[in-house]
Amino acid sequence: LPLLLALTLLSPWGSAGATCPQRCVCASNILSCSQAVLSSVPAPLPPFTAVLDLSHNNLSRLRADWAPGRLAHLRALLLSHNGLSFVSTEAFAHVPHLRHLDLSSNRLRALEENLFSDLTELEVLLLYNNEISSVDRTAFENLTRLRKLYLGQNRIARFPLELLRDGSRLPQLALLDLSANRLRSLPVGELQALPAWLRDRLYLHANPLACDCPLFQLVTRGHRRRLSAVMDFQEELRCSLPAAPAPIRILDLAGQQPLNCSEAREAVLEAHLGDTVTLSCDTRLRGVRSRHWVTPGGERVLEDGGNGSAALLANGSLKLQALRPEDAGTYACWVGGPILNETLYVELLVHNFTLHGPHDTLNTAYTTLVGCILSVVLVLIYLYLTPCRCCCCRAADKPPAPRDDSINSSVLSTTPNHATGVPGEPCRSRSGSNAGPGQNGRFKVGGTPQPPPRHGPKAQRKVSDPDSVSSVFSDTPIVV
């Protein structure tokens, strides 16, 4: 009996002015009023309450005056399964040290402006299984200590990327549940840039996503890294193809028509000679105590520097400058965490800039185009800029061949006309209308012009006569 009396006096409920509300169960600093068919928050609430359970009741509205006094010791507030459709923006002004807030399984439709801004020490926020379709950009302002945010099983159609971008709004966030919403597309590029420790707890399954290759590569990389959000729910990670009767697994998109997505290459970086690259140590561990890199040649790059061309940055990345062919290979990043260790591998491909990449001056398409243009220019030059082929110009420019060997020079020539042209008359065309009749009644194509006067011993030699031996192929018979 004295022991029971001592326990009663030491219990906060045994002190003066502290009574347990009706239909509630009180134990130490825990006040449980679950399934008590309450339509309003019981009053008065003891000021030393640390855990307040009001779940499974009929509290449809949470006004600003639900807690008239300041509950400085309250750490957990449970309001699930109440049919809540309204929460005042000043509802949490009297519980500034709250760390756990459960508003799941209610009828909330929107998260208003600065709804949780008074909860600067909040760490876990449960909002799943509601009717939330809109989230104000400032709804989670000042939640600098929030680690877990559950928004699954709602009606969210737009991915709230502002919660994750740059890590400035929720710097401690390590889990974001957006499963079973109405997301049809994802900012794959932004999500892939997130640290692995956050992607490890980014749940996106059971959404009506549209199939595409970037989505497939995002999920495939997570599966290869064995991220929990992919490994635990790979059957629920599905997407819809335009002609498919039902959603298919995202991991089954490899070779699937009409997308025919290729396998994603994890941690492969391509560069060129002379470039500067940064290899990221994308670890899933938080609270890393130590890390170092190992180059393909087996050299260790520690935190205090490198070998001149390789240096370890403050964020754990490895910076390589003035790449050489021998810098290519597989780099290993060893990470030591508080409990577990992890080793990451990054493959670096170094290309010759004269053969690959953006350093090429002309590719095949440009070369073909230039070749076609040059061909057209050459054809135009040939058609319009060729020299004149008229007989007059040729006769005037080119002197007649010497007549020293009349037999050889006249063997294949045309038999000249007997009539000679009039001196000073211009040369005529070689058409049939200007040709006169020749021997045996046949037409000849112009006459043989008179050679210019010559000097020297051979000047007295005459032009060979048409009836001479030089006309062996003519129609005139040879007279002996």
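**Rings, strands and salt bridges**

Me: Are Phe116 and Phe140 buried or exposed?
Reply: Relative accessible area decides: under 20% is buried, over 50% is exposed, and in between is partly exposed, using a 1.4 Å probe and protein chains only. Phe116 and Phe140 have one status, buried.

Me: What kind of model is this, and what limits apply?
Reply: Residues are numbered from 1 along each chain as its sequence is written, and side-chain values use heavy atoms, with hydrogens and water left out. Totals for chains, interfaces and linings use all residues, whereas local features need pLDDT of at least 70 and side-chain atom pairs count only at pLDDT 80 or more, since the model is predicted.

Me: How many aromatic pairs are there?
Reply: Rings of Phe, Tyr and Trp (its six-membered ring) pair if their centres lie within 6.5 Å. By this rule, the number of aromatic pairs is three.

Me: Which geometry class fits Phe116 and Phe140?
Reply: Planes under 30 degrees apart count as stacked, over 60 as edge-to-face, and the rest as tilted. Here the ring centres are 5.9 Å apart and the planes stand at 20 degrees, so Phe116 and Phe140 are stacked.

Me: How many residues separate Phe116 from Phe140 along the chain?
Reply: Strands (E, at least two residues) and helices (H or I, at least four) are DSSP runs, numbered from the N terminus. Phe116 is in the loop between strand E8 (110-111) and strand E9 (124-126). Phe140 is in the loop between strand E10 (134-135) and strand E11 (148-150), and the separation is 24 residues.

Me: Which residue joins Phe116 and Phe140 in one aromatic cluster?
Reply: Phe116 and Phe140 belong to one aromatic cluster. Its other member is Phe92.

Me: Which strands stand at the edges of the open sheet E14-E15-E16?
Reply: This open sheet has three strands with mixed pairing. An edge strand here has a single partner strand, so one side is left without a neighbour in the sheet; that describes strand E14 (209-210) and strand E16 (248-249).

Me: Which residue in E15 stands opposite Ala210?
Reply: Strands pair if DSSP finds at least two bridges between them. E14 and strand E15 (residues 238-240) run parallel and are joined by two bridges. Opposite Ala210 stands Ser240.

Me: Which residue in E23 stands opposite Trp293?
Reply: Strand E19 (residues 290-294) pairs with strand E23 (residues 329-336) in the antiparallel sense, over five bridges. In E23, the residue opposite Trp293 is Cys333.

Me: Which turn residue of the E19 and E20 hairpin has a positive phi?
Reply: E19 and strand E20 (residues 300-301) pair in the antiparallel sense over two bridges. Trp293 stands opposite Val301 in E20. The hairpin has five residues between its strands, and the turn residue with a positive phi of about 90 degrees is Gly298.

Me: How many salt bridges does the whole structure hold?
Reply: A salt bridge needs a side-chain nitrogen of Lys or Arg within 4 Å of a carboxyl oxygen of Asp or Glu. A search of the whole structure gives a count of 13.

Me: What is the closest N and O distance between Arg158 and Glu162?
Reply: Arg158 is partly exposed at 42% relative accessible area. Glu162 is buried at 10%. They form a salt bridge, with the closest N and O atoms apart by 3.1 Å.

Me: Which residues are linked with Glu235 and Arg249 in a network of salt bridges?
Reply: Arg249 and Glu235 form a salt bridge, their closest N and O atoms being 3.2 Å apart. Arg249 is in strand E16, while Glu235 is in the loop between helix H5 (228-231) and E15. The network also includes Arg238 and Asp252.
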